[in-house]
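Hi,

Here is the structure I promised to pass on to you. Have a look at it first, and then read on for what turned up.

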Amino acid sequence: MRIMDYNYKQIGQKFYPIIPLVIFNREKSLDSDALIDSGSMLSLFRKDVADELGIMFKSGKPARMASVHGEMLVYVHSLRLVIHDKEFICQTGFSDEFKANVNLLGRMDFFEQFKVTFDEREKKIELLRFE
């Protein structure tokens, strides 16, 4: 098993468990960041990510997703992600209704690849990669 440590990212006066990743769609790739969201089952990325990667996001499988703001319609795609040197396929939703300023990494697929430890006191995330 391999350990990767990341410092929380500061946005304004607050710190968040945000990590860098690379998102692939066929021959296109995009360096981005995502907040690790243990409360979300599905990963959810901003619509501009789909646009930059040439994904017609409404061609994905439609699904209803509950959030703290109510339900939203998302379109689910299988995307190839790379975190550090670990590559995996992640079911990812896109939605016109998702207006957050950061992508979300949910439990499905991502948490199956890593043991995730949040250290709020030190503002660090530890990812232990499963082999």
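**Contacts and fold**

Among contacts between residues at least 6 apart in sequence, 56% join residues at least 24 apart. Please keep in mind that this is a predicted model. The protein has one helix and 12 strands, and along the sequence they follow the pattern β-β-β-β-β-β-α-β-β-β-β-β-β.

On overall dimensions, the C-alpha atoms fill a box of roughly 40 × 35 × 25 Å along the principal axes. The radius of gyration is 14 Å, which agrees with the value near 14 Å that a compact globule of 131 residues would have.

**Inside**

Buried residues account for 44% of the 131 residues. The largest nonpolar core holds 28 residues, and those touching the most other members are Ile19, Phe45, Leu81, Ile83, Phe110 and Leu127. Several elements each supply at least two residues of this core, including strand 1 (2-7), strand 4 (18-25), helix 1 (47-52) and strand 12 (124-129). Strand 8 gives the largest share, four residues.

If you want one residue to start from, try Ile83: leaving aside residues up to four places away in sequence, its contacts include Met4, Tyr6, Ile19, Phe88, Phe110 and Leu127. There is also a second, separate core of 11 residues, with Leu44, Met72, Val76 and Val102 among them.

**Outside**

The protein exposes about 7600 Å², and carbon and sulfur atoms supply 50% of that area. As for charge, there are 19 positive and 20 negative side chains, with the centres of the two sets 2 Å apart.

Happy exploring, and best wishes!

Definitions and conventions:
Residues numbered from 1 in each chain as written. Predicted model: local features only at pLDDT ≥ 70, side-chain atom pairs only at ≥ 80, totals over all residues. Heavy atoms only, no water. Core = buried A, V, L, I, M, F, W, Y, C linked by side-chain atoms within 4.5 Å. Buried < 20%, exposed > 50% of the residue type's maximum accessible area, 1.4 Å probe, protein only. Contact = heavy atoms within 4.5 Å. Rg over C-alpha atoms; globule rule 2.2 N^0.38 Å. Areas by Shrake-Rupley, 256 points an atom, 1.4 Å probe, with all protein chains shown as cover. Lys, Arg positive; Asp, Glu negative; His and termini not counted. Charge placed at Lys NZ, Arg CZ, Asp CG, Glu CD.
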